[in-house]
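Visitor: I am new to this structure and would be grateful for a close look at one part of it. Please choose a single place to begin, and then connect that place to its surroundings.

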Amino acid sequence: MAAVLAVILLIGLCFLGPAIVMWLWNWVAVTLFAAPVITYWQAFGLQWLCGLLFKGTSIVRSKS
């Protein structure tokens, strides 16, 4: 039961992120920079693209 709830919560958070990106973009970028208003699915793609481009990968080398 807990695993099912965790999966549902994870899926819900995946769809909540773009809504936050869309809201922030339409609030900040449109008013400050006269950028175009974006839709939910455009925000979804933007978040996915930024995740691919700016994913935090670090290579840790031990001092041996």
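Guide: Let us begin at Ala 34, which counts as exposed because its relative accessibility is 68%, above the 50% cut-off for that class. The model in view is a predicted one. Ala 34 sits in the loop between α1 and α2. Its backbone also deserves attention: although Ala 34 is not a glycine, its phi is positive, at about 55°. For context, most residues other than glycine have a negative phi.

The two elements joined by this loop are the helices of the protein chain, which has two helices and zero strands. On one side of the loop is α1, which spans residues 2–33. This helix, α1, has 32 residues and reaches 45 Å from its first C-alpha to its last, close to the expected 46 Å. There is nevertheless a bend of about 30° in α1, placed at Trp 25.

The surroundings of that bend may be read through the side chains. Leu 24, found in α1, is partly exposed because its relative accessible area is 37%, between the limits of 20% and 50%. Leu 24 belongs to a nonpolar patch on the surface, whose members also include Leu 9, Ile 20, Trp 23, Trp 27 and Phe 33. Together, the residues of the patch have about 1,100 Å² of accessible area. A general point helps in reading a helix: residues three or four places apart point the same way, because an α-helix has 3.6 residues a turn. By contrast with the patch, Gly 17, Pro 18 and Ala 29 are buried in α1.

Pro 18 leads across to the second helix. The C-alpha atoms of Pro 18 and Gly 45 are separated by 8.3 Å, although these residues are 27 apart along the chain. Gly 45 lies in α2, which covers residues 40–53. With a relative accessibility of 31%, Gly 45 counts as partly exposed.

Two cysteines complete the tour. Cys 14 is partly exposed, at 45% relative accessible area, and Cys 50 is likewise partly exposed, at 32%. The count of disulfides comes to zero.

Finally, the chain as a whole sets these details in context. Buried residues make up 9% of its 64 residues. Its accessible surface comes to about 5,700 Å², and 77% of that surface belongs to carbon and sulfur atoms.

Notes. Residues are numbered from 1 along each chain as its sequence is written. This is a predicted model: local features need pLDDT of at least 70, side-chain atom pairs count only at pLDDT 80 or more; totals for chains, interfaces and linings use all residues. Side-chain values use heavy atoms; hydrogens and water are left out. A disulfide is a pair of cysteine sulfur atoms within 2.5 Å. Buried means under 20% relative accessible area, exposed over 50%, partly exposed in between (1.4 Å probe, protein chains only). Patches are made of residues with over 30% relative accessible area and no salt bridge: like charges are joined within 9 Å, nonpolar side chains (Val, Leu, Ile, Met, Phe, Trp, Tyr) within 5 Å. Accessible areas come from the Shrake-Rupley method with a 1.4 Å probe; for residues, only the protein chains shown count as cover. A salt bridge is a side-chain nitrogen of Lys or Arg within 4 Å of a carboxyl oxygen of Asp or Glu. Helices (H or I, at least four residues) and strands (E, at least two) are DSSP runs, numbered from the N terminus. The expected span of a helix is 1.5 Å times one less than its number of residues. The bend at a residue is the angle between axes fitted to the seven residues ending there and the seven starting there.
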